[in-house]
Amino acid sequence: MKNLIITGILSISLVSCGGGDKKEKSKMADDLNPLFDSYKEQFIVNLWKVYPGWASSQGYHKYDSVLTVPDAAERINEIDFVKANLDSLKAINIGGLSDNNKTDYHMIENQLQSTIWSLTEEKSWEWNPSVYNISEGFASILNENYDTLPKRLHSFYVKMANIPAYYEAAKANIKNPTIEHTQLAIEQNQGGLSVFDADLNAAMDKAKLKRVEREKFEVRAMQAKKAINDYATWLKNMKNDSPRSFRLGKELYAKKFEYDIQSGYSVDVIYEKALAHKKELHEKMFALADKYWIKYFDKTPKPADKLEEIKKVIDKISETHVKPEEFQSAISEQLPVLIKFIKDKDLIYIDPSKPLVVRKEPGYMAGVAGASISAPGPYDKNGNTYYNVGSLEGMPKDKAESYLREYNKYILQILNIHEAIPGHYTQLVYSNQSPSLIKSLFGNNAMIEGWAVYTERMMLENGYGNNEDEMWLMYYKWNLRSTCNTILDYSVHTKNMSKEEAMHLLIDEAFQEKTEAENKWRRVSVTQVQLCCYFTGYTEIYDFREDLKKQMGDKFNLKKFHEKFLSYGSAPVKYIKDLMLADLKETDK
Ligand code: ZN
Ligand code: ZN
């Protein structure tokens, strides 16, 4: 289940070659797919040797006991791997590949180029001390039941040996770090100490380790904790008179956007589109709020400020929400309703043989109430896809109330569309039908999130929620969140937006609560570009659909569009678009 199938030793190793001989051979052949499939297998075998920690996190456990020391030699090793593979790709004529392999090709190439850029230009390994943190990798060895506990503990023990060297390398790498990432590194590293303390002890108790064995573990765990604590202390005491800004800056930001989002639009275009979209949403929201003022507030005079008026109506509508004890059942009861709606309206085929398993949120996820999808990893093909539904049990009354207002009757339905049907879960079912390990590993987040955000609007456009104004107004608020995420990220990292300006954008213009806005500020100061993926993907899919409608006229069929679009798996929208347009030309002939 967790082993990669490797079909013997390849007769030609593409990984180590850029030779002209093989280049000619591959260009002569008509069907290059078998060759490329072998290349991909070998690529992943080698990828896991270079990135053992990543392998473990994806459910490939051969290298669980390896902790790579992030020193200069390791970076050279990475660059060598990347360059050899870029050479191999050059030797393959992309024209001779299937659609699935074409997109895989682009995604491998992007991954490799992005690695070089990240190591040599972005260099977060110098300025972001929070990239050095081992606790998660160790914790998952203890928590995940992929093997017997004694075997997992053995990997844990061997892996601990490199911890002191790991943090020594980290200290040698760090130059002029940002204050925000330094702070984050201190918190996160100290937060992970319990893995080598209480968590490890509990696992050793459970495995009934013998005294001698246990002492060996304790020696290494002690060294691990010392290394982590030393690192945190070193960061706290570091002389850092002119720290680097956490703002990425225009040039690096544009490049990172290119690699991470892989959009057909440049980041400047996306920013302009987000600004225009915000304006459009405000106008639509104002029209609805104004219409409903009398219904909700009778003769109370309207606020002079439009945004304030919208806010008041939103607050009023938010009062329509389920009772705390009905939260879980309200979510589960929604799924059949959504499925029926999609069937009746002929929006997309949903394979009934792979149903979504609704479950109460497992203990280790607790605290993130709401709903989320847990999909099996790429090495666990038969695993279930779960819809984790949080419970408000035990939450203080006022907190539960504020939560329920946020996830009110309307937003709860939009959340179900986004997470489950026809959002993330449906997309997942389709992507599993054209299996690609490359897409499971390098899946394009802008496509994945963009699809989920796109379906929210698509459902409403087709009459979901009976076109109720309240539903639309709440949807606009929800959509404003992804739109403002993009504006915020871009403005903070390239236009020097201050925290005050950010708070104004989130609270006054996007109607968010103060806590949510504060959390968002924290997130934008330690991540870059990530917050853009929702709006960018959504915009690309929506624009593409509208273009296609214009081009095809009467021949356009929404159901066919959705099914075709998803059939390419989690590839960047721009490649899906190219392939679909080429396909359309082909059928026109
Ligand atoms: Zn209430
Ligand atoms: Zn999502």
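I373 in strand β2 stands opposite Y387 in β3, and that pairing is a handy place to start looking around this predicted model.

**The strands**

Strand β2 covers residues 371–374 and runs antiparallel to β3, with four bridges between the two. On β3 (residues 386–389), strand β1 (residues 357–360) pairs as well, this time in the parallel sense and again over four bridges. If you would like a landmark for that second pairing, look for K360, which stands opposite V389 in β3. In a regular strand, side chains alternate between the two faces of the sheet.

**Aromatic rings**

There is plenty to see here: searching the whole structure turns up 40 aromatic pairs. One of them joins Y271 and Y490 in a stacked arrangement. These two tyrosines bring distant parts of the chain together, since Y271 belongs to helix α14 (residues 267–297) and Y490 to helix α22 (residues 469–494), 219 residues apart. Are Y271 and Y490 buried or exposed? Both of them are buried.

W451 and Y454 form another pair, and this one counts as tilted because the planes of the rings stand at 40°, between the limits of 30 degrees for stacked and 60 for edge-to-face. Both residues belong to helix α21 (residues 445–461), and because they are three residues apart there, about one helical turn separates them. W451 and Y454 are buried too.

Here are the two pairs together:

| Pair | Centre to centre | Angle between planes | Arrangement |
|---|---|---|---|
| Y271 and Y490 | 4.1 Å | 20° | stacked |
| W451 and Y454 | 5.5 Å | 40° | tilted |

Aromatic residues also gather in a cluster whose members include F36, W48, Y105, Y379 and F442.

**Charges over rings**

Two basic side chains are worth a look. K159 has its charged end over the ring of F138, 5.2 Å from the ring centre. R220 places its charged end over the ring of Y157, at 4.1 Å from the centre.

**The second largest pocket**

This pocket holds about 500 Å³ of space. Its lining is made up of 17 residues, and L548, M552, M580, L584 and T587 are the ones nearest the centre. Three helices each give two or more residues to the lining: α25 (533–552), α26 (558–566) and α27 (573–588). Which element gives the most? That is α27, with seven residues. Sorted by class, the lining has seven nonpolar, three polar and seven charged residues.

Technical notes: Residues are numbered from 1 along each chain as its sequence is written. Chains are lettered from A and ligands numbered from 1 in the order in which they are written. This is a predicted model: local features need pLDDT of at least 70, side-chain atom pairs count only at pLDDT 80 or more; totals for chains, interfaces and linings use all residues. Side-chain values use heavy atoms; hydrogens and water are left out. Two strands pair if DSSP finds at least two bridges between them. Rings of Phe, Tyr and Trp (its six-membered ring) pair if their centres lie within 6.5 Å; planes under 30 degrees apart count as stacked, over 60 as edge-to-face and the rest as tilted. Buried means under 20% relative accessible area, exposed over 50%, partly exposed in between (1.4 Å probe, protein chains only). A charge sits over a ring if NZ of Lys or CZ of Arg is within 6 Å of the ring centre and within 35 degrees of the ring normal. On a 1 Å grid over the protein atoms alone, a cavity is a set of points where a 1.4 Å probe fits but cannot get out, and a pocket is an open set with protein on both sides within 12 Å along at least five of seven lines; lining residues have an atom within 4 Å of a point. Grid points are joined across faces, edges and corners, and a volume is the space filled by probe spheres set on the points. Ala, Val, Leu, Ile, Met, Phe, Trp, Tyr, Cys and Pro count as nonpolar, Asp, Glu, Lys and Arg as charged, and the others, Gly among them, as polar.
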